[in-house]
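Q: Can you walk me through this one? Let's start with the rings.

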Amino acid sequence: MKTGKGNYEMFHHQALHTLKDKNGRLHQSVNIHTNIHHITQKNPYTVLVVGIGERNDFHQMQYRNNENIELPHVQLTKRETEILSLLALGKSSRQISEMLDISYHTITTHRKNILAKTNCNKVSELVKKAFEWALI
């Protein structure tokens with residue numbers, strides 16, 4: 001994380017979801033950032049997801065070092081990003097058109113534009129790239 005002094009330092013991030021809507025979308029969370037730069041300056045690129053309370057799930061994900069990877073510059077509109085997020089949730093074009101109260105044909109046009117801008121051939125490839133490129 002970049003500090004107020006302009007330096008990049010290691011932080012430990014913790015988040016607790018405190019409010020979700022009826023569709024399970026996050027509306028509020030408590031976030032704690034702890035500077036651990038004095039403990040380590042080496043990023044292990046590891047993410048741990050641990051359930052609390054009645055949930056006892058545990059997931060550990062290891063990511064490769066992306067420091068030398070330059071992400072492509074993709075400019076999506078606000079509406080395209082909204083549609084991409086819904087596609088990532090597994091929604092169909094028909095479902096998205098009903099949710100956003102816009103024409104099915106408008107959704108398919110947005111999908112075609114998003115696929116073209118990201119140089120993807122199918123939605124599964126698009127969703128993978130969208131997460132890798134931090135588009136959503």
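A: First, a definition. Rings of Phe, Tyr and Trp (its six-membered ring) pair if their centres lie within 6.5 Å; planes under 30 degrees apart count as stacked, over 60 as edge-to-face and the rest as tilted.

Q: How many aromatic pairs does a search of the whole structure find?

A: Zero. This is a predicted model: local features need pLDDT of at least 70, side-chain atom pairs count only at pLDDT 80 or more, and totals for chains, interfaces and linings use all residues. Side-chain values use heavy atoms, without hydrogens and water, and residues are numbered from 1 along each chain as its sequence is written.

Q: What lies over the face of Tyr104?

A: Arg94, at 4.0 Å from the ring centre. A charge counts as over a ring if NZ of Lys or CZ of Arg is within 6 Å of the centre and within 35 degrees of the ring normal.

Q: New topic. In which sense do strands β1 and β2 pair?

A: Antiparallel, over nine bridges. β1 is residues 11-20 and β2 is residues 26-35. Strands are DSSP runs of E with at least two residues; helices are runs of H or I with at least four, all numbered from the N terminus. Two strands pair if DSSP finds at least two bridges between them.

Q: Which residue in β2 is the bridge partner of His13?

A: His33. Gln14 stands opposite Ile32.

Q: And what sits between the strands of the hairpin?

A: Five residues. Gly24 in the turn has a positive phi of about 85 degrees.
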